[in-house]
Amino acid sequence: MAVVAFVVFLLLYLTPGDPAAILAGDAATSQDIAKIREALGLNEPFHVRFGEWVWRLLHGDLGISIFTRLPVTALIGQRIGPTFSLTVCTLVFSVLVAVPLGVIAAARAGRWIDRAVMGFSVAGFSLPVFVLAYILIYLFSIELEWLPVQGYRPMSEGVWEWARHLVLPTLALGTVYIALIARMTRAAMLDVLAQDYVRTAQAKGLAPNAVLIGHALKNAAVPIVTVIGIGIGLLIGGAIVTETVFALPGVGRLTVDAILRRDYPVIQGVVLMFSAAYVLVNLAVDLSYMFFDPRVRY
Amino acid sequence: MKRHLRSFIAVALLAAAAGPWSAALAQKTLKFIPQADLRILDPITTTAYITRNHGYMVYDTLFAMDEKFVVQPQMVDKYEMSKDGLTYTFTLRPGLKFHDGAPVRSADCIASVERWAKRDALGQKLAEATESWKAVDDKTFTLKLKAPFPLTLEALAKPSSNVPFIMPERIAKTDAFKNIDDPTGSGPFKMVKSEWVPGNKVVYVKNTDYVPRKEAPSWASGGKVVKVDRVEWIYIPDSATAAAAMNAGEADIWEQMPPDLIPLLSRNKDVVVKNIDPLGSMGILRFNFLFPPFNNEKMRQALLYAVDQNDYVIGIAGDKKNGKPCYSYFTCGTPLSSEVGADPLKGKRNFEKAKQLVKESGYKGEKVVIIDATDQPIVHSQSLLTLENLKKIGVNAEIQAGDWGTLITRRAVKEPPEKGGWNIFHTWLVGPDMVNPAVDFPVRANGKGAWFGWPDDAKTEELREAWFHAKTPAESKAAADAVQKHAFEFVPFVPTGQFILPTAYRSNISGLIIAPINLLWNVEKR
């Protein structure tokens with residue numbers, strides 16, 4: 001995390017762009033910009049600015065947005081709900097759809113259902129999220145008028161409203177993730193299904209489903225869980241596009257907006273948050289190995 | 001147990017479904033898609049139009065310009081000027097209150113105008129002429145001038161950035177280069193800061209304490225009667241999604257829509273697409289005067305013969321219906337606009353003449369760098385057209401593309417182009433920002449103090465100064481013509497045309513004010 005913090009700060013320091021110029025607006029003169037830079041403390045040398053930022057960080061203060069004058073923690077707090085909802089819904093939806101698809105494809109390897117799942121998988125990878133999003137908006141919002149085009153409602157405004165606003169973003173973002181997990185599940189299952197102990201279980205007369213779920217899937221779980229964990233990074237990247245198309249006020253959009261306007265404290269805050277989330281997810285994935293494979297010990 | 005669970009779920013679902021509906025029935029909410037995301041609350045530290053528009057929601061002004069370009073009192077009830085033109089006495093309307101309940105006092109007005117005058121170009125001219133501001137009592141204050149300043153009221157009624165909005169004294173005392181974060185004003189709407197989600201939503205509610213004037217609204221003057229309970233600015237960054245939201249009735253007004261989506265929305269009988277901005281915006285091709293080749297007048301003049309405003313208007317606005325050529329340094333359709341001296345920019349393009357001027361300038365084939373912002377279609381389309389024009393007249397030009405944030409940072413760089421500087425950039429200004437020599441800042445040529453490009457020309461400044469001293473409309477027009485005639489010789493920038501980005505609104509919306517700024521009082525939602 002410390003390395004991430006340093007690298008992010010350094011990159012922002014080296015990146016062209018001046019928040020003072022953006023803040024001043026189109027009509028400002030160079031002199032106006034110089035005075036704003038001074039007022040914002042942007043003329044301080046790198047080590048002073050980095051030192052101040054680290055000191056505040058150690059006190060749990062991520063700073064204040066240069067533009068909105070709101071604390072970065074408050075900005076992230078406003079945005080975490082939509083991103084968390086979208087990520088969790090997509091994750092749950094994708095796993096619930098993709099794992100059974102992958103298992104079925106492996107169990108029926110070479111048959112039409114296997115080819116259909118793999119075909120869907122290729123299509124899911126190939127179709128950009130924003131294209132799928134526009135198609136979904138056109139079908140379900142404009143033509144059928146079933147679901148809203150854009151926006152987010154927190155759960156406090158009603159579970160139904162919350163869910164309605166997340167259906168299309170979840171479908172758009174989940175497709176590529178389903179494609180990834182389904183493909184990996186199939187590959188892992190095929191590998192396991194070729195093992196001796198599976199043949200032994202079948203020879204003992206266990207029901208096909210019991211062999212498939214109880215023996216094969218459990219043993220294939222480690223690579224599948226690993227891909228799900230890695231995919232969360234993919235999900236965060238995809239969430240930025242999804243949030244933009246569906247106008248969801250999430251952390252992804254906050255990040256893009258902050259980068260475009262060079263709002264350094266916000267960029268540093270969200271990147272730190274994302275890296276912390278990524279570390280935690282990987283930790284959770286590593287710990288889950290012990291559950292799926294008792295041979296794993298830390 | 002199961003029965004209890006079922007009952008609980010049923011009640012929860014009913015409550016979830018009923019909650020939003022009951023809230024919606026209770027109040028009338030106008031959903032507005034703004035042109036940009038509101039991220040700065042201070043209309044004095046920034047000239048960003050979105051912040052100016054926010055200013056009109058929450059603040060009021062002492063005076064305001066009407067649609068006939070006549071200054072009208074707004075917060076001021078009555079005012080008088082002494083016979084020698086050196087003292088103005090202003091009296092505020094009764095009943096003016098800030099959103100925190102405090103009355104608007106003379107001290108608030110003086111502090112607000114003084115802060116504004118530190119940042120705004122016209123405000124600075126007023127400040128130069130000012131001897132003192134003095135509060136006579138809580139409702140009356142005076143402005144004493146060192147010398148007559150005929151534009152005093154025009155300055156206080158300035159319609160576009162920076163607008164002299166009135167804030168409480170405690171806020172207006174903030175350093176003019178530091179952002180304020182308290183949106184307390186005395187305007188017709190109150191900002192609900194707790195519901196502000198930068199990058200997504202700004203919420204305003206009707207200021208029930210606001211006392212509107214009796215006159216009909218005309219631009220930002222007249223009665224600001226609010227006819228909805230709540231306004232939500234919903235920022236939708238993706239144009240296709242914004243269009244879909246308008247089609248689906250999820251938004252009521254879309255402030256500025258890209259021209260390519262007009263056919264899509266025009267097919268919907270519940271959506272009206274209309275130009276409600278009478279002045280539109282003006283495209284600008286700006287030179288860097290510090291380095292060759294555009295430190296040479298002939299090189300700048302060459303562009304006047306090469307630029308075809310018709311092409312730029314189509315490039316920016318997609319269709320001639322959304323724009324027109326404007327061969328003036330002052331916004332076409334306003335009193336000071338004219339075509340004096342504009343012959344090089346008009347008519348059939350004369351590339352031979354342009355090439356001849358390039359040759360006469362002694363151009364040595366230096367690389368010309370156009371800095372471009374590909375995330376701003378208005379800038380990008382102009383950049384591409386200028387590149388083609390430069391190539392046609394034998395100039396070795398290239399585009400260096402980035403985003404808007406990079407462009408406005410780089411244009412402040414005074415190094416040579418090969419060391420991170422630049423030769424040309426494009427932008428645009430709204431009509432009210434180019435109506436006269438006082439506000440038309442790109443026309444200035446005061447060297448280091450000038451806008452990016454830093455032209456230095458004593459004659460331009462002299463002619464501009466003469467305009468400030470014009471005493472009658474006829475004198476003002478003649479002085480502005482002189483500024484323009486010289487501008488077409490000195491060429492501080494090339495005007496690239498006048499365009500309008502239309503507004504879309506649902507057919508149940510009425511009362512939109514025809515003005516160069518999107519104003520939301522008087523708007524009714526049936």
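Which residue stands opposite V368(B) in β18(B)? The legends below refer to a predicted model.

**View 1. Strands β17 and β18 of chain B run parallel.** The residue opposite V368(B) is A397(B), which belongs to β18(B). Between β17(B) and β18(B) the chain passes through helix α12 (residues 377-392) of chain B, and this β-α-β crossover is right-handed. Strand β17 covers residues 368-373 of chain B and strand β18 covers residues 397-402 of chain B, with six bridges joining the two. In a regular strand the side chains alternate between the two faces of the sheet.

**View 2. Helix α12(B) has 16 residues.** At 1.5 Å a residue, α12(B) should span 22 Å; the end C-alpha atoms of α12(B) lie 23 Å apart, which agrees. Buried residues in α12(B) include I378(B), V379(B), L385(B) and L390(B). Also buried in this helix are S381(B), Q382(B), S383(B), T386(B) and N389(B). G394(B), just after α12(B), has a positive phi of about 80 degrees.

**View 3. Chains A and B meet in a contact that takes 48 residues from chain A and 45 residues from chain B.** On the side of chain A that touches chain B, at least two residues come from each of α2 (19-24), α3 (30-40), α5 (72-107), α7 (129-143), α8 (159-193), α10 (208-245) and α11 (251-261) of chain A. The largest share is that of α3(A), which supplies six residues. By class, this side of chain A holds 26 nonpolar, eleven polar and eleven charged residues.

Notes:
Residues numbered from 1 in each chain as written. Chains lettered and ligands numbered in written order. Predicted model: local features only at pLDDT ≥ 70, side-chain atom pairs only at ≥ 80, totals over all residues. Pairing = 2+ DSSP bridges. Helix = DSSP H or I, 4+ residues; strand = E, 2+ residues; numbered from the N terminus. Right-handed = clockwise from strand over helix to strand, strands pointing away. Expected span 1.5 Å × (residues − 1). Buried ≥ 20, exposed ≤ 12 C-beta atoms within 10 Å, placed from the backbone. Contact = placed C-beta atoms within 7 Å. Nonpolar A, V, L, I, M, F, W, Y, C, P; charged D, E, K, R; others polar.
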